[in-house]
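Here is a short report on the spaces inside one protein model and on how some of its helices pack. Please look over the sequence and the structure first.

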Amino acid sequence: MSYLIKPKNYNPLLDLKQTELGIKQIKEFFQLNLSSELRLRRVTAPLFVLKGMGINDDLNGIERPVSFPIKDLGDAQAEVVHSLAKWKRLTLADYHIEPGYGIYTDMNAIRSDEELGNLHSLYVDQWDWERVITNEDRNVNFLKEIVNRIYAAMIRTEYMVYEMYPQIKPCLPQKLHFIHSEELRQLYPDLEPKCREHAICQKYGAVFIIGIGCKLSDGKKHDGRAPDYDDYTTKGLNDLPGLNGDLLLWDNVLQRSIELSSMGIRVDKEALQRQLKEEKEEKRLELYFHKRLMNDTLPLSIGGGIGQSRLCMFYLRKAHIGEIQASIWPEDMRKECDELDIHLI
């Protein structure tokens, strides 16, 4: 079911022309800063991949990819990507990228099973990035260093927006708060995971939650993660499992937390086997991507995605992602948004 968060007394700070210019400037400025911070080169990415090779991202494992037959390949099925988590690692190998360097790209996806609302659209646009690491880098301190570099680019971008539009005051804290999902559960034991995120983000403004996908002490997961890209079982922060996480910010317009990035140190052979066994998905070891990993023909890496429309939405103080990107929305949502002065593109 679709949803609509209705902020009280919403008043857009920018008109449509200012918004479009702001989107352009943010995207250009942020990706240059991101590539500089992490030493990434831009590459061209696919919109779709062949089904059955294990390359497409499984997200939580239940979302259905948009697919279509390819006439010239005997009606072989292609799938529109959910994200490029695995494709990027293959590309690192193909481009012979050395440790300490990486790639980034514009990822465009269609997620037809998405619950539509202020933060969720059928159309997903993000910067997908991946960087080669060494075995010595596979630890939580290195993860935190990379996350802090990304956050530094976000801080600089916010100041650029303020210089461009002085009515948009900077609000990001200078320091990002790190916490493990198990520590978060113990901090707010009576709250559901999403409510825990809102509570911790309201307190600190910007938070990175480590260990997304691992089972917590209550037997549940904070959130789902496909078992074959992020490493969420190797011990990390305070001896708790997980070398991955989500970066969240407090959004003053919507009065809730929003997830801007999902990222992590990727599985090595041991973590892949361990996580596939936990999820009873060991059959995936027969797929192309997984065979490449098991045969040591893929580099160790760290990577993630950063939502482009969500980032622009946050910086420009918008109430709905449809104010940033063109997509399809329920007609009743469009009518309600018009009444609330939320102008969907």
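## Pocket, cavities and helix crossings

The largest pocket has 50 lining residues, and R111, E114, H120, E259 and R310 lie nearest its centre. The model is a predicted one. The space in this pocket comes to about 1200 Å³.

Which elements give two or more residues to the lining of the largest pocket? Three are helices: α2 (85–94), α5 (193–204) and α8 (308–315). The others are the strands β6 (123–132), β9 (244–251), β10 (256–265) and β11 (301–307). Strand β10 gives the largest share, with eight residues. By class, the pocket lining holds 20 charged, 17 polar and 13 nonpolar residues.

A UniProt annotation, from an unreviewed entry, covers residues 103–330. The record reads "domain: Aminoacyl-transfer RNA synthetases class-II family profile". In the model, this span is 30% helix and 23% strand. The C-alpha atoms at its two ends are 36 Å apart.

Besides the pocket, there are enclosed spaces. How many cavities of 30 Å³ or more does a search of the whole structure find? The search finds two. The table sets them out.

| Cavity | Volume | Lining by class |
|---|---|---|
| Largest cavity | about 60 Å³ | three nonpolar, two polar, three charged residues |
| Second largest cavity | about 50 Å³ | five nonpolar, one polar, two charged residues |

The largest cavity is lined by P12, L14, D15, L16 and T19, together with K318, E323 and H343. Its charged lining residues number three, as do its nonpolar ones.

The second largest cavity has another set of lining residues. These are C171, W250, D251, N252, V253, M313, F314 and R317. Strand β9 and helix α8 each supply at least two residues of this lining. Both elements also give two or more residues to the lining of the largest pocket. Five residues of the second cavity's lining are nonpolar.

Helix α8 also takes part in the helix packing. Its axis comes within 10 Å of the axis of α3, and the two cross at roughly 50°. Is α3 parallel or oblique to α8? That angle makes α3 oblique to α8. The crossing is right-handed.

Helix α3 (residues 140–164) has a second crossing, with helix α1 (residues 16–38). Here the axes come within 9 Å and cross at roughly 150°. Angles over 145 degrees count as roughly antiparallel. Therefore α1 and α3 are roughly antiparallel to each other. The crossing of α1 and α3 is right-handed.

In short, α8 helps to line the largest pocket, supplies at least two residues to the lining of the second largest cavity, and crosses α3 at roughly 50°. Helix α3 in turn crosses α1 at roughly 150°.

How values were computed. Residues are numbered from 1 along each chain as its sequence is written. This is a predicted model: local features need pLDDT of at least 70, side-chain atom pairs count only at pLDDT 80 or more; totals for chains, interfaces and linings use all residues. Side-chain values use heavy atoms; hydrogens and water are left out. UniProt positions are given in the numbering used here, feature names are shortened, and annotations may be inferred rather than shown by experiment. Helices (H or I, at least four residues) and strands (E, at least two) are DSSP runs, numbered from the N terminus. On a 1 Å grid over the protein atoms alone, a cavity is a set of points where a 1.4 Å probe fits but cannot get out, and a pocket is an open set with protein on both sides within 12 Å along at least five of seven lines; lining residues have an atom within 4 Å of a point. Grid points are joined across faces, edges and corners, and a volume is the space filled by probe spheres set on the points. Ala, Val, Leu, Ile, Met, Phe, Trp, Tyr, Cys and Pro count as nonpolar, Asp, Glu, Lys and Arg as charged, and the others, Gly among them, as polar. Axes are lines fitted to C-alpha atoms, for helices over the stretch in contact, and angles run from 0 to 180 degrees between N-to-C directions. Angles under 35 degrees count as roughly parallel, over 145 as roughly antiparallel, 65 to 115 as roughly perpendicular and the rest as oblique. A crossing is left-handed if the near helix is turned anticlockwise from the far one by less than a right angle, and right-handed if clockwise.
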